[in-house]
Amino acid sequence: MTTVVIVDDHAMFRAGVRAELGTDVDVVAEAEDVDTAIAAISAHRPEVVLLDVHLPGGGGVEVMRRLGPTDTKFLALSVSDAAEDVIGTIRGGARGYVTKTITGPELVDAIRRVADGDAVFSPRLAGFVLDAFAGSIEVAAVDEDLDRLTEREREVMRLIARGYAYKEVAKELFISIKTVETHMSSVLRKLQLSSRHELTRWASDRRLL
Amino acid sequence: MTTTAPYEPRRATRDTSDSYLGGVASGLARHLGLPVLWVRVAFVVSAALGGLGAAFYAGLWMVLPTDDKFNRAAPGLEAASRDGRRPGAVRRFVDVGPMIALAALGIGIVLAFETTFGRGALFWPVVIGIGGVVLIWRQADEAQRERWLDTTGRIDPLRALVGRGTWASYARLFAGGLLILTAFAVFAFRTGQLGAAREILVAGLLGVVGLAIAIGPWVFRLASDLADERAERVRSQERADVAAHLHDSVLQTLALIQKNAHDAPTVARLARAQERDLRTWLFEEHSIDGTHLASALRGLAAEVEAGRQVVVEVVTVGDLTLTEAYAPLLRATREAVTNAAKHAGTGKVDVYAEVSPQAVEVFVKDRGVGFDPATIAADRHGVRGSIIDRMERHGGTAEVRSTPGEGTEVVLRMPVQEEKQ
């Protein structure tokens with residue numbers, strides 16, 4: 001069973017998530033700020049950390065920064081829909097983002113996906129990603145592979161933003177679910193590694209860099 | 001741009017996000033709409049040729065406010081920043097190339113100037129002294145920025161100088177002071193009047209110390225009075241804001257929830273509406289005034305949610321100012337969302353809007369019961385008349401895709417009108 005650490009500064013919310021996850025995953029610890037999160041993650045080495053974006057001590061990004069490279073996967077969970085915080089957390093190393101209004105079964109599914117090394121894009125995150133890479137199709141510099149989404153990746157992102165599930169995306173584009181997952185991972189990688197001008201400016205406009 | 005907005009003069013600010021010294025050049029470039037490199041080169045060249053640029057720069061540095069003060073995020077985000085629940089802004093030092101080029105250019109011009117006209121005894125001391133002053137001013141900027149982020153509202157005279165007291169701030173102060181002293185020393189050696197220079201320096205220092213003793217307490221009291229007043233004002237404003245908002249919306253919702261405690265769907269609907277409202281207030285900088293597509297769609301979603309037992313997720317990419325031409329698009333979207341809320345039976349509708357340079361596209365999707373599109377032509381007037389026909393009458397297109405048992409998606413497309421705002 002997937003081991004999970006819940007990091008959130010609201011005790012009531014942690015209890016709620018724990019109850020919702022039920023017996024489908026194994027919640028090994030909870031933490032309420034950056035320091036306790038690092039202690040809990042180091043002690044339990046969970047497969048997945050549910051990480052709140054806003055956290056006392058510098059936010060969820062700070063947890064990932066201080067832990068450095070690790071096998072643990074992070075899934076950002078937030079009530080804030082501020083684009084800069086969400087993209088900042090993804091660029092900090094999270095493998096997905098879901099809002100706190102997500103239902104229990106959907107959250108369990110997202111945790112499983114992240115544990116398997118896949119990326120999890122909610123419609124909202126897909127919208128942010130498209131915004132961040134907006135206009136990249138017209139950009140002439142084709143050589144910078146990281147700096148633009150391929151037409152296929154854009155299509156996948158748009159379908160996710162439209163509310164399609166992975167299965168439906170695959171059916172719509174006549175590709176396998178595995179291929180959809182590959183596209184998602186590659187978008188995630190571009191989001192994390194790209195230094196493309198627009199993305200950098202987009203980020204620095206929002207004081208991420 | 002709305003025409004009703006009162007005229008607000010555009011103020012130049014110093015741009016602290018893109019600054020090497022005080023952010024004067026980048027702020028000025030933004031204000032004047034010039035490439036920032038031109039402004040920097042102009043400053044360097046005019047500073048090297050006679051020092052006018054340096055004086056101009058210093059003057060602007062003193063009088064221009066920084067843009068930090070005007071940088072307002074949504075209240076929830078600001079609160080999170082103040083509590084340290086968000087990562088702070090990180091200063092970047094990646095782009096030092098232009099800086100080095102400018103420095104080299106400046107030094108080159110100075111040297112050329114010197115070899116052509118010979119050097120005055122005052123020249124190097126002045127340059128070094130200016131360097132020292134620049135460093136100290138730079139530190140004052142840092143300290144000022146930290147004071148704004150500081151919510152305790154107290155102004156500590158030491159903290160006004162060194163801010164949070166990182167090693168960098170002390171280093172800047174120390175190096176600045178050292179450079180100014182060096183300037184004095186160089187001046188003394190150049191003129192050969194070491195004794196005279198020392199006396200001037202000692203007299204100057206004594207004067208400063210004397211002044212500090214004489215008016216120090218007065219300045220200190222003034223500063224603390226100011227700080228108290230400011231803190232009190234900030235506190236009362238915040239209290240008023242929060243109280244007003246809580247009273248207006250949250251309390252009302254709580255009252256309604258108590259009244260409807262027996263009715264689970266209504267309670268869920270009320271909670272959802274309140275959540276949307278609070279979320280907008282706390283985390284979104286744009287209002288839902290309906291002048292832009294994204295805000296209009298959010299408003300529309302909120303209205304449908306309020307009327308029915310449904311959650312409408314809105315995701316938008318890009319945005320545009322609404323004109324009358326987009327009214328049919330919005331009406332068709334409302335119709336589609338309402339249909340989905342009425343007939344799908346899943347309680348969830350996804351709305352996705354994308355603005356590209358050519359067209360605005362809106363997708364309304366549900367995973368409900370669906371229907372066979374071939375059979376709707378006659379009996380479902382709503383879809384034909386108010387969605388498809390309406391869009392086509394106004395130069396757009398509409399497509400309804402539905403599979404029984406899998407859900408429905410309505411795709412609306414409207415070409416972007418030519419007039420650019």
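**Notebook: a look through chains A and B**

Started with the surface of chain B: it exposes about 24500 Å², and carbon and sulfur atoms supply 64% of that. Note to self: this is a predicted model.

**Chain B overall**

I listed the secondary structure of chain B and got 14 helices and five strands. I then checked burial, and 35% of the 421 residues of chain B count as buried. For contacts in chain B between residues at least 6 apart in sequence, I find that 67% join residues at least 24 apart.

**Nonpolar patch on chain B**

Which residues make up the nonpolar patch on the surface? I noted L211(B), I215(B), W218(B), V219(B), L222(B) and L226(B), with about 600 Å² of accessible area together. I picked I215(B) for a closer look and found it in helix α9 of chain B, residues 194–259. The relative accessible area of I215(B) is 40%, so I put it down as partly exposed. A reminder on spacing: an α-helix has 3.6 residues a turn, so residues three or four places apart point the same way.

**D52(A)**

I looked up D52(A) next, since the unreviewed UniProt entry annotates D52(A) as "modified residue: 4-aspartylphosphate". D52(A) sits in strand β3 of chain A, residues 48–52. Is D52(A) buried or exposed? It counts as buried, because its relative accessibility is 4%, and the cut-off for buried is under 20%.

I also pulled the contacts of D52(A), leaving aside neighbours within four places in sequence. They are V7(A), D8(A), D9(A), G60(A), L77(A), S78(A) and K100(A).

**The sheet in chain A**

I traced the strand order as β2-β1-β3-β4-β5-β6 in chain A, an open sheet of six strands with parallel pairing. Strands β2 (26–31) and β6 (120–121) of chain A stand at the edges with a single partner strand each, so one side of each has no neighbour in the sheet.

I followed β3(A), the strand that holds D52(A), to its pairing with strand β4 of chain A (residues 73–78): the two run in the parallel sense over five bridges. Within that pairing, V49(A) has F74(A) in β4(A) as its bridge partner.

**Helix α4 of chain A**

I checked how covered helix α4 of chain A (residues 83–91) is: eight of its nine residues are buried. The buried ones are A83(A), E84(A), D85(A), V86(A), I87(A), G88(A), T89(A) and I90(A). Just past α4(A), I noticed that G93(A) takes a positive phi of about 130 degrees.

**Salt bridges**

I counted 24 salt bridges over all chains. The general idea is that side chains of opposite charge can pair when their charged atoms come close.

Within chain A, I looked at D35(A) and R66(A), whose side chains meet at 2.9 Å, N to O. D35(A) is in helix α2 (residues 34–44) and R66(A) in helix α3 (residues 60–67), so this pair ties together parts of chain A that are 31 residues apart in sequence. Both ends are partly exposed: D35(A) is at 49% relative accessibility and R66(A) at 41%.

Between chains, I found K365(B) bridged to E168(A), with the closest N and O atoms 4.0 Å apart. The pair runs from strand β3 of chain B (residues 359–366) to helix α8 of chain A (residues 166–173). Both K365(B) and E168(A) are buried.

Within chain B, I looked at R334(B) and E303(B), which meet at 2.9 Å, N to O. R334(B) is in helix α12 (residues 327–344) and E303(B) in helix α11 (residues 293–307), 31 residues apart. R334(B) is partly exposed at 33% relative accessibility, and E303(B) is partly exposed at 48%.

I also wrote down a network of salt bridges that links R154(A), R158(A), E354(B), E361(B) and R413(B).

**Strand β5 of chain B**

I finished on β5(B), residues 407–415, where seven of the nine residues are buried. How many bridges join β3(B) to β5(B)? I get eight, with the strands antiparallel. Strand β4 of chain B (residues 397–403) is joined to β5(B) by seven bridges, also antiparallel.

V411(B) in β5(B) turns up in both pairings: F363(B) stands opposite V411(B), and V411(B) is the bridge partner of E399(B) too. In the hairpin of β4(B) and β5(B), three residues lie between the strands, and G405(B) takes a positive phi near 90 degrees.

Notes. Residues numbered from 1 in each chain as written. Chains lettered and ligands numbered in written order. Predicted model: local features only at pLDDT ≥ 70, side-chain atom pairs only at ≥ 80, totals over all residues. Heavy atoms only, no water. Helix = DSSP H or I, 4+ residues; strand = E, 2+ residues; numbered from the N terminus. Buried < 20%, exposed > 50% of the residue type's maximum accessible area, 1.4 Å probe, protein only. Contact = heavy atoms within 4.5 Å. Areas by Shrake-Rupley, 256 points an atom, 1.4 Å probe, with all protein chains shown as cover. UniProt positions renumbered as here; feature names shortened; annotations may be inferred. Patch = residues over 30% accessible without salt bridge, like charges linked within 9 Å, V, L, I, M, F, W, Y side chains within 5 Å. Pairing = 2+ DSSP bridges.
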